[in-house]
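Biologist: Could we go through this model together? I would like to begin with the contacts to nucleic acid.

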Number of protein chains: 2
Amino acid sequence: MEDYLEAIAKLGEGRRVVKVKQISQMLGVKMPSVTSALKKLSEQELVEHERYGHIKLTPEGDEVARDVIYRHEALARFFAQALGINQATAEEDACKIEHVISPLSMERLAKFVEFIEACPLGGANFPSRYEYYLEHGELPQDCSTRGLKKRK
Amino acid sequence: MEDYLEAIAKLGEGRRVVKVKQISQMLGVKMPSVTSALKKLSEQELVEHERYGHIKLTPEGDEVARDVIYRHEALARFFAQALGINQATAEEDACKIEHVISPLSMERLAKFVEFIEACPLGGANFPSRYEYYLEHGELPQDCSTRGLKKRK
DNA sequence: CAGAATTGTTAGACATGACTAACAATCGTA
DNA sequence: TACGATTGTTAGTCATGTCTAACAATTCTG
């Protein structure tokens, strides 16, 4: 179900009208699956949907969707940037894992990605620097300015 | 189903007799679920099982189980050691993710764990060293001996 | 070694989430 | 505006994998 919320949020960006068919294509399922998902999500007050009519996230649905998208993006970046996986595979894996990973691991993973993105050289002593970053929420001083940009 | 193979492999280590009840407890399901899983796995020739009798992996089942266990352990180590997650949560997450992650990401993740375990200080320039490790399958020379052991 | 306790199995129900086929509404265009 | 094409819905089926209740086999123990 989270996938449906995610798809609706993405398709609805910028006030665009969301169609059943688009959702079905984005998720690789048939239209009846979408209809029945919308029914369930309506019952849970996460989506507004009327027969043959508009499809829209409720505020609660939007909140859930943003959270899923956040998890998705952090995971995709981890696979793509930290592990060097191709974008397509990174997306697929993110899409699977976003639904099963624990909040704690998710949070740590997100921070890890932030770290390696902010500190591309890693510097000397990677794990302890990572610890530092985890504890203090910011990079050790000798890290942030010595990036990839060869600022000589 | 992979969880069942994994459980049977672990419970059967050292020629120990495997019981339905043990499996059910290890996986947190009721016994009938185990019985029906065993039936399916027997049909797939992954498990030998006769009514009220012994439970044993076939060679093919054992192979699958080892692969699952390998994935599980690499993931658990990643969460525990790289991300600093507690053991229990690391195990739970590993158990979920091991079934959905792509082979490519799994392989990279395993290598990543090997890398950070073998090269705990990370050295200067973590990502490029990681690239090097990926490409050559061995650590850059200036890495391996400068570990945690403070060998002064 | 017989009955009680435990372990294992069967049968059948239920939840999820997908599908196909058939029908209904809406849209686009002549 | 009406009719054909497209989109959406309903009804019903199927596959997974779980559960409970009832029954069967095995094991323990007096």
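Modeller: Let us begin with one polar contact: a phosphate oxygen of DNA strand D has a polar side-chain atom of Ser33(B) 2.7 Å away. Please keep in mind that the model is predicted.

Biologist: Which other residues have an atom placed by a phosphate oxygen of DNA strand D?

Modeller: Among them is Lys30(B), with a polar backbone atom 2.9 Å from a phosphate oxygen of the strand. In Tyr4(B), an N or O atom of the side chain is 3.2 Å from a phosphate oxygen of DNA strand D.

Biologist: Which elements give two or more residues to that surface?

Modeller: They are α2 (20-27) and α3 of chain A, along with α3 of chain B. The largest share, 4 residues, comes from α3(B).

Biologist: And which residues come nearest to DNA strand D?

Modeller: Of the 18 residues around the strand, the nearest are Lys21(A), Thr35(A), His49(A), Lys30(B) and Ser33(B). Of the atoms of DNA strand D that come within 4 Å of the protein, 76% belong to sugar and phosphate.

Biologist: How does the surface near DNA strand D divide by class?

Modeller: There are 9 nonpolar, 4 polar and 5 charged residues.

Biologist: Turning to DNA strand C, which residues come nearest there?

Modeller: Lys30(A), Ser33(A), Lys21(B), Thr35(B) and His49(B) do, out of 17 residues around DNA strand C. Sugar and phosphate make up 76% of the strand's atoms within 4 Å of the protein.

Biologist: What are the distances to its phosphate oxygens?

Modeller: A polar backbone atom of Lys30(A) is 2.8 Å from one. For Thr35(B), an N or O atom in the side chain is 2.9 Å from a phosphate oxygen of DNA strand C, and for Val20(B) a backbone N or O atom is 3.4 Å from one. The elements giving two or more residues to this surface are α3 (31-43) of chain A and, in chain B, α2 (20-27) and α3 (31-43).

Biologist: Changing topic, which members of the largest nonpolar core touch the most others?

Modeller: Phe78(A), Phe79(A), Phe78(B) and Phe79(B) do, in a core of 40 residues. At least two residues each come from α4 (59-82), α5 (87-97) and α6 (103-118) of chain A, and from α4 (59-82), α5 (87-97) and α6 of chain B.

Biologist: What does Phe79(A) touch, leaving aside neighbours within four places in sequence?

Modeller: Its contacts include Ile85(A), Ala94(A) and Ile97(A), as well as Ile101(B) and Ser105(B) from chain B.

Biologist: Last, is Leu104(B) buried or partly exposed?

Modeller: Leu104(B), in helix α6 of chain B, has a relative accessible area of 28%, so it counts as partly exposed. Beyond four places in sequence, Leu104(B) touches Ile85(A), Asn86(A) and Thr89(A).

Key:
Residues are numbered from 1 along each chain as its sequence is written. Chains are lettered from A and ligands numbered from 1 in the order in which they are written. This is a predicted model: local features need pLDDT of at least 70, side-chain atom pairs count only at pLDDT 80 or more; totals for chains, interfaces and linings use all residues. Side-chain values use heavy atoms; hydrogens and water are left out. A residue is near a molecule or strand if one of its heavy atoms lies within 4 Å of it. A polar contact is a pair of N or O atoms within 3.5 Å; within protein, one must be able to donate a hydrogen and the other to accept it, and residues adjacent in sequence count only if both atoms are side-chain atoms. Buried means under 20% relative accessible area, exposed over 50%, partly exposed in between (1.4 Å probe, protein chains only). Contact means heavy atoms within 4.5 Å. A nonpolar core is a set of buried Ala, Val, Leu, Ile, Met, Phe, Trp, Tyr and Cys residues joined through side-chain atoms within 4.5 Å. Ala, Val, Leu, Ile, Met, Phe, Trp, Tyr, Cys and Pro count as nonpolar, Asp, Glu, Lys and Arg as charged, and the others, Gly among them, as polar.
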